[in-house]
Amino acid sequence: MDAIRWEGNTLYLLDQTKLPVTEVWLPYTDYRPVADAIRTMVVRGAPAIGVAAAYAYCLAALAGEGLDEAKETLAASRPTAVNLFWALERMERKAKECGGAAEPLIAEAKAIHAEDVAMCRAMGAHGAAVVPEHARILTHCNAGALATGGYGTALGVIRAAHEAGKVNMVYCDETRPLLQGARLTAYELVSDHIPATLMAKGKIDLAVVGCDRMAANGDFANKIGTYSVAVNAHYHGIPFYVALPCSTIDLSLADGSGIPIEERDGEEIKTMWYEKPMALPEVKCYNPAFDVTDHELIAGIVTEKGICRPPYTKSLKALFDDKK
Ligand code: MRU
C-alpha cells in the first residue's frame, strides 16, 4: 500500500479524505494545490507530508518558479510534523548545490521517499523484537503506509511482527474528528490480512504509536489522544513504544513544551466530516490536532537505527553522533 507516487513529472496523491470507501488518486503539476492537499489532509502523517512537500518543490522547479516562495508556501501548510521542514530544508540544500535544476531535485525527492520506506522497514525489524508472541497490540491514529513513504512507523512494527507470526490482534483506537483509526488504520490492516478490531474493550500487551515531532529529551507530539493512551498504558503496566525515523527528531527543542501544536477549524468536530451536525451550533470547539506525551511514559523509542532507551537525552543524541 502507498499514498504518494511520482510518474512522468506529475505527483499523485491518494485522497485520504475519501478512504476507506473510495480510492481516488489526484494528480498535481503545481505546488500550490499540494500545500492545500497537506492542509486539508488529502495527504497526512508526518513522513508522508515531508515526502509530498519534497515532490511539490520539484513541481516548482519544473515550472521555473521561485523555489523560496514554494518552500514558504509548503512550510505554511501544517506546523507540527517536523518532517515537513526537514524535507524542505534538504530540498533547499540540494537546490543550492544544483542551481535549482529540476532533474537533480527530482532525484533528491525520490531519495527522500525511498529512504523513508527503508527507514520504516528497519524500524519494523527493530520494533518487532520487543513484541511478545500472540501479542494484542494497541495503536493510535494512523502511522502506517498511508502516513509515510510506505510500510509505516508504528504499523511498520506491527507489520514486521505479523510477518514473524507474533500478532493475534491489533486494536485500532479512535481519533476524533477524522477517525483515522477506522478509516485508515483498519483499512490498511484488513488489506494486509492482519487481524484488526476497532477498540472498545480488550486486553492489550503492548502499545505502539507514531510521532510528528520529538524533542531532545524524548517528549513527543502525536495525534491528540496519544497522551491518554500513554497514561493508561503506564497505569496498567503495559509497555508503550513510539516508532519514528530520525527525520522526526528535533534536537533544537530541549523538551516538548516548545513543539508548535496545530489548532484546526472547530467545524471539523461539529459538521465538516459528517453528514449531519454532531453538535449544536452554539457549542464552542477547541480542536488541537496533537498532544504532547512525556518521555517518562515511553518504554522505548523505535528508530531505523535501533531502539533508544532512557535516558533519552543521551540515546537520542547518540543517533546523530553515529554516522551510520
Ligand atoms: O493529523 P494527522 O493524521 O496527520 O496525524 C498523524 C499522526 O499523528 C501520526 O501518528 C504521525 O504523523 C506519525 S505517522 C507515521
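# Aromatic pairs, a sheet and two cores

In this predicted model, the count of aromatic pairs comes to 2. The pair formed by Trp-6 and Tyr-55 is stacked, with the ring centres 5.2 Å apart and an angle of 10° between the planes. Because Trp-6 belongs to strand 1 and Tyr-55 to helix 2, this pair ties together parts of the chain that are 49 residues apart in sequence. Trp-6 has a relative accessibility of 12% and therefore counts as buried, since the cut-off for that word is under 20%. Tyr-55 is likewise buried, its relative accessible area being 3%.

The other pair joins Phe-220 and Phe-240, whose ring centres lie 6.3 Å apart; their planes meet at 25°, and so this pair, too, is stacked, as planes under 30 degrees apart are counted that way. Phe-220 lies in strand 9, which covers residues 220–223, and Phe-240 in strand 10, which covers residues 240–243, so that the pair links distant parts of the chain, 20 residues apart. Both Phe-220 and Phe-240 are buried.

Strand 1, where Trp-6 was found, is part of an open sheet of 3 strands, arranged in the order 1-2-3 with antiparallel pairing. At the edges of this sheet are strand 1 (4–7) and strand 3 (25–28), each of which pairs on one side only. On average, and with direction ignored, neighbouring strands here are turned by 25° against each other. Strand 2, made of residues 10–14, is joined to strand 3 by 4 bridges, and the two run antiparallel; Leu-11 stands opposite Tyr-28, a residue of strand 3. Helix 2, covering residues 46–62, lies across strand 1, strand 2 and strand 3, and runs at about 25° to strand 1.

What does Leu-11 touch, once its neighbours within four places in sequence are left aside? Its contacts include Ile-4, Arg-5 and Trp-6, then Leu-26, Pro-27 and Tyr-28, and further along the chain Val-34, Ala-52, Tyr-55, Ala-56 and Leu-59.

In soluble globular proteins, nonpolar side chains tend to be buried together. The largest nonpolar core of this model has 46 residues, and those that touch the most other members are Ile-4, Leu-11, Leu-13, Tyr-28, Met-91 and Leu-105. At least two residues of this core come from each of strand 1, strand 2, helix 1 (31–39), helix 2, helix 3 (67–75), helix 4 (82–98), helix 5 (102–128) and helix 7 (180–191). Helix 2, the helix that lies across the three strands, gives the most to this core, with 14 residues. Apart from this core lies another, of 26 residues, which includes Ala-143, Cys-172, Leu-206 and Val-302.

A further group of features involves Tyr-151 and helix 6. The charged end of Arg-121 sits over the ring of Tyr-151, at 4.1 Å from the ring centre, and the charged end of Arg-159 also sits over that ring, at 6.0 Å from its centre. Arg-159 is itself one of the buried residues of helix 6. This helix, which spans residues 154–163, is mostly covered, as 8 of its 10 residues are buried; besides Arg-159, the buried residues are Ala-154, Leu-155, Gly-156, Val-157, Ile-158, Ala-160 and Ala-161. Just after helix 6, Gly-165 takes a positive phi of about 75°.

Methods:
Residues are numbered from 1 along each chain as its sequence is written. This is a predicted model: local features need pLDDT of at least 70, side-chain atom pairs count only at pLDDT 80 or more; totals for chains, interfaces and linings use all residues. Side-chain values use heavy atoms; hydrogens and water are left out. Two strands pair if DSSP finds at least two bridges between them. Axes are lines fitted to C-alpha atoms, for helices over the stretch in contact, and angles run from 0 to 180 degrees between N-to-C directions. Contact means heavy atoms within 4.5 Å. A nonpolar core is a set of buried Ala, Val, Leu, Ile, Met, Phe, Trp, Tyr and Cys residues joined through side-chain atoms within 4.5 Å. Buried means under 20% relative accessible area, exposed over 50%, partly exposed in between (1.4 Å probe, protein chains only). Rings of Phe, Tyr and Trp (its six-membered ring) pair if their centres lie within 6.5 Å; planes under 30 degrees apart count as stacked, over 60 as edge-to-face and the rest as tilted. A charge sits over a ring if NZ of Lys or CZ of Arg is within 6 Å of the ring centre and within 35 degrees of the ring normal.
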